[in-house]
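Biologist: Would you please take a close look at a single part of this model, the second largest pocket, and set it beside its surroundings? Kindly explain each term for a first-year student.

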Amino acid sequence: LWKNQRKNKQDIQTDNMNKPLNQMTNKELWKLFPIIIVKHDVTWKDKYCTERDLLVNVIGKENIVCINHIGSTAVPGLVAKPTIDILIEIKEGTDTDKLIKNIEWLGYIYSYQPDNPAPHMMFMKGYTPEGFKGQAFHVHVRYKGDWDELNFRDYLIAHPDVAKEYGELKLLLKEKYEFNRDAYTHAKTSFIKKINAWAVK
């Protein structure tokens, strides 16, 4: 997650490890940022809206195709990691170097994601060398497409029973993989793929 990120003002040294975030091992990062699952917070929607407006302002409406609140915090009543995920679809030809600088100006850490859809960008806020600080956000930047995350979100909203089942799975996996984010994510994959297959029928 952190290996390709740029250094910025959040890359200060820790008291106990004496390292910036982008020099920590996954094991160190997972210990610092464990999997946390909490009850749904009705303020997440408002926090998303506030952050969306900030992002639109620095990116420019003319560069944005669509912006959406995704992930579990976007599903009413669903337990979730208290991290608000935002998907921004930008227009082809957008100046991505300028986009990176402008989003970093809001306090985000940029992480190049070669395995993610083009333009291979992710931004994170709320992570510090001392742990989480304030509201955490993940911003995923892509070009226009038919994204599973939107179908998955909409299906869970329309089917509260399935959302409850997903929440129970996450709580179970949190107990097993609290300090291993990759294993936690991987363990949810089959459930998510199943729901996505139902969502597009």
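Modeller: The residues that line the second largest pocket fall into seven nonpolar, four polar and three charged (nonpolar: Ala, Val, Leu, Ile, Met, Phe, Trp, Tyr, Cys and Pro; charged: Asp, Glu, Lys and Arg; polar: the others, Gly among them). The model is predicted, so local features need pLDDT of at least 70 and side-chain atom pairs pLDDT 80 or more, while totals for chains, interfaces and linings use all residues. Residues are numbered from 1 along each chain as its sequence is written, and side-chain values use heavy atoms, without hydrogens and water.

The second largest pocket holds about 210 Å³ of space. A pocket is an open set of points on a 1 Å grid over the protein atoms alone, where a 1.4 Å probe fits, with protein on both sides within 12 Å along at least five of seven lines; lining residues have an atom within 4 Å of a point. Its volume is the space filled by probe spheres set on the points, which are joined across faces, edges and corners.

Fourteen residues line the second largest pocket, and those closest to its centre are Lys45, His69, Thr73, Ala74 and Pro76. Helix H2, strand S1 and helix H4 each give two or more residues to this lining (helices: DSSP runs of H or I, at least four residues; strands: E, at least two; both numbered from the N terminus). H2 contributes the most here, with three residues.

For context, the largest pocket has a volume of about 1400 Å³. Its lining comprises 42 residues, with Lys81, Asp85, His140, Thr185 and Lys188 closest to the centre. H4 appears here as well, since the elements giving two or more residues to this lining are H1 (26–32), S2, S4, S5, H4 (148–158), H5 (160–177) and H6 (181–199). H6 supplies the largest share, nine residues. By class, this lining contains 19 nonpolar, 12 polar and 11 charged residues.

H2 also has a place in the largest nonpolar core, a group of 25 residues in which Leu55, Ile59, Ile86, Ile88, Tyr108, Phe123 and Val139 have the most contacts. Such a core joins buried Ala, Val, Leu, Ile, Met, Phe, Trp, Tyr and Cys residues through side-chain atoms within 4.5 Å, buried being under 20% relative accessible area with a 1.4 Å probe and protein chains only. At least two core residues come from each of H2 (43–59), S1 (64–70), S2 (83–90), H3 (96–105), S4 (121–128) and S5 (131–143). H2 gives the most to this core, with six residues.

Definitions and conventions: Buried means under 20% relative accessible area, exposed over 50%, partly exposed in between (1.4 Å probe, protein chains only).
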